[in-house]
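Grab a coffee and let's look at a structure together. We'll ask how each label is earned.

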Amino acid sequence: MGVFKNFLIISKLTSLEYKAVHRTKLFGILWKFLNPLLFIGVYTFVFSTLYSGGSRGYVISMGILLFSGISTSINSCTTWVQPKILSFASSPKKLKLLFFSKIYFNFIPIFYLIPVLVFVQRIIFNIDFKFSLLESVEILIQVYLLTIFVMFYCYIVCVPIALISKRLTDLKDLINHLLRVALYLSPILWVAKTENSFVNYLLQIGNPFYFIFETMNYIIYRSYEFAYISLITPFVISVSFYLLVFRKNKFINQIREIVYR
Amino acid sequence: MSNLITELEDCSFRYDVVKNIFLRKGEVSNYSNKLVLESVNITLKKNAIYGVLGKNGSGKSTLIKLIFDVLKPSTGIIKRNFTKGKLLDTPLFFHNELNSLDNFNAIYSLETFERLNTDNFEKKLAVFKELCQLNNEDLYKPISNLSSGMKAKVGFALTMTFLENVDFLGLDEFFSFGDAEYKKFSTNFLKSKIKESGSAIIISHSLDVLSNSCDEIIYIDKGRVENIDKPEIIISQYTKHLK
């Protein structure tokens, strides 16, 4: 895949975008890290201290951090398709790299914050969940792999949304609400394992981001019973979006049709 | 088709209908169903330079966008006999908050998929600097802090540095950059690029540019192609119509 082969170009484009976006701010690039850190701080305080959840609050903040990357990417993707885009990225390969650099832009702070979180967990929250050093390293690697996977999933989801939102302009407003609902219906504080199996399946299948928190729980709790059914929706979404948009680079024609109308 | 670069058969174009359900029917129908181009039938030959002339809103830009496959016709067929066509309408920037050199770096990465320390990079950078004619201090200023003349120069240079191996060139009002001296320089440079590509189509309100560069001019009025002929004939028809 061109994304791996041209990763240096992607990171160059991302760093230039960082420079451009944060140039006029006093704290510049720090904001990109301060925002998720603030979130993590609040969630950890609320769930670990106020709800006496111990390390559980900390686990939640890891999932929230990952979800923040998704929601920022999906929210910002509605602005990707614009008239000037074809002027400097006229071929499918260029567009793919440009779009992926925009996703990577939102995930960079996550890559930096994950080891910080694992380290802080070992220092402060290694009480109710006692992880050995090896287990902490394992968690770090697994969370990194999950983040990379989520980043690609996000890319597959964002490109069609960017295209659809140009035709269906209301989607830009709707997407924010849908993401909030998806977050509330994710297994953050609860797991969908009620006595009513229909409700369980509905929650696990209906939410395309359910699997992220499910995997996060699996990574942290180890003996956690993973709901494989939650992988169906992301699989169906990925395959159908690939067929609709990515196969034979259909998206470039779709951009052409959309951009000036 | 072998000696033709493109052919439009009975092409019409209208923009999408306004979807907002809260707009009253009368308000929508007044402007949504109007044809921007109506039954256009033209054939453009290879190795010829065409101009497009017409008043503002007559459909010139829509026509050129149809030719270069940026827009799809609402009805009709377009046959294209070029593989590396390039439409130049707006100057190229990656980001307004970056300086000229960073903009160059970004576009270089996207255009060449190469690292920024190759010989080719140095060559292209030299071409870019020569084309934009800015001093070192201005090259490091963000685009948003440059004067509009300087911005135009950078945009022109960024676009032109990466314009290579084009077999059909489209220029939509892509003239008049910077001060009088630079305008002359950029126009001459564009003319050399047009010659290089062999076939081109130019939209301009400058009668000088059209009469000096084009073999034939397409005259459009209210979305209809009125005439295609030699520059002097079309220009006199156009100026009469203006009076």
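What follows is a run of questions and answers about this model.

Q: Before we start, what kind of model is this, and how are its parts numbered?
A: This is a predicted model, where local features need pLDDT of at least 70 and side-chain atom pairs count only at pLDDT 80 or more, while totals for chains, interfaces and linings use all residues. Residues are numbered from 1 along each chain as its sequence is written, and chains are lettered from A and ligands numbered from 1 in the order in which they are written.

Q: What makes up the secondary structure of chain A?
A: Chain A has twelve helices and zero strands. Helices (H or I, at least four residues) and strands (E, at least two) are DSSP runs, numbered from the N terminus.

Q: How do you know whether the radius of gyration of chain A agrees with that of a compact globule?
A: The rule, with the radius taken over C-alpha atoms, is 2.2 Å times the number of residues to the power 0.38. For 261 residues that gives a value near 18 Å, and chain A has 19 Å, so the two agree. Along its principal axes, the C-alpha trace of chain A spans about 55 × 50 × 35 Å.

Q: Why is B:Asn47 called exposed?
A: A residue is exposed if 12 or fewer other C-beta atoms lie within 10 Å of its own, buried if there are 20 or more, and partly exposed in between, with C-beta atoms placed from the backbone. B:Asn47 has 11, so exposed is the word. This residue lies in the loop between β2 and β3 (49-53) of chain B, and its phi is near 55 degrees, a positive value in a residue other than glycine.

Q: And what makes B:Asp69 partly exposed?
A: B:Asp69 has 15 other C-beta atoms within 10 Å, so by that same rule it is partly exposed. You'll find B:Asp69 in the loop between α2 and β4 of chain B. Its phi is positive too, near 65 degrees.

Q: How much of chain A counts as buried?
A: By the C-beta count, 39% of its 261 residues do.

Q: What makes β2 and β4 of chain B edge strands?
A: Two strands pair if DSSP finds at least two bridges between them. The open sheet here has the order β2-β1-β4 (chain B), with antiparallel pairing. Strands β2 (35-45) and β4 (75-80) of chain B each pair on one side only, and that makes them the edges.

Q: How do you know that β1 and β2 of chain B pair?
A: Seven bridges join strand β1 (residues 4-14) of chain B to β2(B), and the rule asks for at least two, so they pair. As an example, B:Thr6 stands opposite B:Leu44 in β2(B).

Q: What about β8 and β9 of chain B, how many bridges join them?
A: Five bridges join strand β8 (residues 216-221) of chain B to β9(B), and the two run antiparallel. They belong to an open sheet of six strands in the order β5-β6-β7-β3-β8-β9 (chain B), where the pairing is mixed.

Q: How many residues does each chain bring to the contact between A and B?
A: Chain B gives 22 and chain A gives 21, where two residues are in contact if their C-beta atoms, placed from the backbone, lie within 7 Å. On the side of chain B, helix α3 (residues 100-112) supplies the largest share, six residues.
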